[in-house]
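Me: I should like a close look at a single part of this model, set against the chain that holds it. Please give one connected account.

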Amino acid sequence: MMNTLKIIGMICVALVMVIISAGVISRLLGSPLLGVIELAEIIHFVVIIFSFGYTQSKKEHIAIGLLVDRYSPKVQLIFDNIAHVLTVFVCIVITYIFFLHSMEETKTTLLLDFPFMVLKIIVTIGFFVWGLVALSQISFKTPLSEKEVTPDV
């Protein structure tokens with residue numbers, strides 16, 4: 001699943017590059033394309049929403065371990081699991097709310113008439129994926145203590 005998110009991100013970034021380049025070139029030729037900025041913003045939106053789950057899968061979200069790092073690995077695992085459960089809970093709530101609101105949405109963007117409903121469905125999918133990734137990272141294993149870990153020779 002994470003490779004799919006990475007590929008979606010790369011395609012979207014390449015698309016933004018092509019769209020903005022086409023907009024600049026068309027402006028230089030005297031006939032600017034309408035909606036280039038709006039389309040680039042929509043694609044950036046997709047990249048940002050799907051980056052949450054990808055970043056969670058790589059365990060690269062910002063975490064401040066100032067207090068937690070002082071405790072044993074077992075206590076650190078408990079704190080990590082609490083954080084993952086809270087992430088899953090928040091993602092479930094956001095997924096549910098955006099799913100309900102997306103079905104009622106009738107507004108569109110100004111220039112391209114792109115429906116906001118599609119954007120809300122993208123938010124729903126993005127937060128659902130993020131919640132699944134966080135759920136998969138909840139660990140029930142007890143970590144090895146520092147004494148049990150054998151150093152590499």
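Reply: Contact here means that heavy atoms lie within 4.5 Å. On that basis, residues 24 or more positions apart account for 75% of the contacts in the protein chain with a separation of 6 or more. The model is predicted, so local features need pLDDT of at least 70 and side-chain atom pairs count only at pLDDT 80 or more, whereas totals for chains, interfaces and linings use all residues. Residues are numbered from 1 along each chain as its sequence is written, and side-chain values use heavy atoms, with hydrogens and water left out.

The part chosen for the close look is T95, which is placed in helix 3 (residues 73–104). Helices are DSSP runs of H or I with at least four residues, strands are runs of E with at least two, and both are numbered from the N terminus. The protein chain has four helices and zero strands, giving the pattern α-α-α-α along the sequence.

T95 counts as buried because its relative accessibility is 13%; buried means under 20% relative accessible area, exposed over 50%, and partly exposed in between, with a 1.4 Å probe and protein chains only. In the protein chain, buried residues make up 28% of the 153 residues.

Leaving aside residues up to four places away in sequence, T95 touches T124, F127 and F128. T95 and T124 are 29 residues apart along the chain, yet their C-alpha atoms are separated by 4.7 Å. With F128, a polar atom of the T95 side chain lies 3.3 Å from the backbone nitrogen. A polar contact is a pair of N or O atoms within 3.5 Å; within protein, one must be able to donate a hydrogen and the other to accept it, and residues adjacent in sequence count only if both atoms are side-chain atoms.

K59 offers a second point of reference, in the loop between helix 2 (36–57) and helix 3. K59 is exposed, because its relative accessible area is 62%. The C-alpha atoms of K59 and Q137 lie 9.2 Å apart in space, with the two positions 78 residues apart in sequence terms.

As for the overall form, the C-alpha trace of the protein chain spans about 70 × 45 × 25 Å along its principal axes. The radius of gyration of the protein chain is 21 Å, whereas a compact globule of 153 residues would have one near 15 Å. This radius is taken over C-alpha atoms, and the globule rule is 2.2 Å times the number of residues to the power 0.38.
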